[in-house]
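Me: I'm new to this one, and I'd like to ask about the empty spaces inside it. Could you walk me through them?

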Amino acid sequence: MNDDMNNSTTRGPQDHEIRDQIINAATQHFGHYGYEKTTVSDLAKAIGFSKAYIYKFFDSKQAIGGVICTNRLAMIMGIVEAALADAPSASEKLRRLFRSISEAGSDLFFHDRKLYDIAAVASRDQWPSVKAHELRIRELIQQILLEGRETGEFERKTPLDETTNAIFLILRPYVNSSQLQYNLDNAAEAAAHLPALILRSLAPVSYTHLTLPTTPYV
């Protein structure tokens, strides 16, 4: 498998116009017939290029799918970052993170079902584009936690990396396309309830509000 879908998968002349033409045609073809059912030969016939000519620009079908997947994940990340941009607090950012990821992934599934299959395959096989996407989500979670700790919204005792990883694992079924397809029925409900539960666990403990026993121990 390739280590980098965007950089090491190209061969021959760096003609971006032709590369874009191949990607656009492949997006339409995969969207109609599905990724796994399409071969490079099918793609060549649909585009009007020879199979050998396509291989000058991409060394495999996965390389083409990787670019499409990267583009789709970039769209999702754009939606997520826009949702977080004007959030008034770290707590609200966490809520919007869950909601925007869930909604963006669900929209892709229902509106571009065949193209969603590419993201599902990429998630299942952990393509570089998916790993980069998941790393960016982890970074966003950590940034939100740091902000919440600085403002006093979140507790500071639990190690930051431990908390970041725990939240990511809770969110992962809605980040990872291969898992999301099995969690669509409860995605909206989860996006509301899961951050609420997490926020309660992140709240700093105020010892003045603890209820002490009024009856002495015997």
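Me: How many cavities of 30 Å³ or more are there?
Reply: Happy to help, and please keep in mind that this is a predicted model. A cavity here is a set of points where a 1.4 Å probe fits but cannot get out. With a cut-off of 30 Å³ or more, the count comes to two.

Me: Which element gives the most to the lining of the largest cavity?
Reply: The largest cavity has a volume of about 90 Å³. Two or more lining residues come from each of α4, α5, α7, α8 and α9. With three residues, the one that gives the most is α5.

Me: How many charged residues are in the lining of the largest cavity?
Reply: This cavity is lined by 13 residues, and those nearest its centre include Gly105 and Tyr174. By class, the lining divides into nine nonpolar and four polar residues, and the number of charged ones is no more than what the record of classes leaves: no charged.

Me: Where does the largest share of the lining of the second largest cavity come from?
Reply: About 40 Å³ of space lies in the second largest cavity. Its lining includes Val130, His133 and Glu134. The largest share, three residues, comes from α7.

Me: Is Ser100 buried or exposed?
Reply: Ser100 sits in helix α5. Its side chain has a polar atom 2.7 Å from the backbone oxygen of Arg96, and beyond its sequence neighbours within four places Ser100 is in contact with Val80 and Ala83. Buried means under 20% relative accessible area. Since Ser100 has 5% relative accessibility, it counts as buried.

Terms used:
Residues numbered from 1 in each chain as written. Predicted model: local features only at pLDDT ≥ 70, side-chain atom pairs only at ≥ 80, totals over all residues. Heavy atoms only, no water. Helix = DSSP H or I, 4+ residues; strand = E, 2+ residues; numbered from the N terminus. Buried < 20%, exposed > 50% of the residue type's maximum accessible area, 1.4 Å probe, protein only. Polar contact = N/O pair within 3.5 Å; in protein donor to acceptor, adjacent residues only side chain to side chain. Contact = heavy atoms within 4.5 Å. 1 Å grid on protein atoms, 1.4 Å probe; cavity = no way out; pocket = protein on both sides within 12 Å on 5 of 7 lines; lining within 4 Å. Points joined across faces, edges and corners; volume = space filled by probe spheres on them. Nonpolar A, V, L, I, M, F, W, Y, C, P; charged D, E, K, R; others polar.
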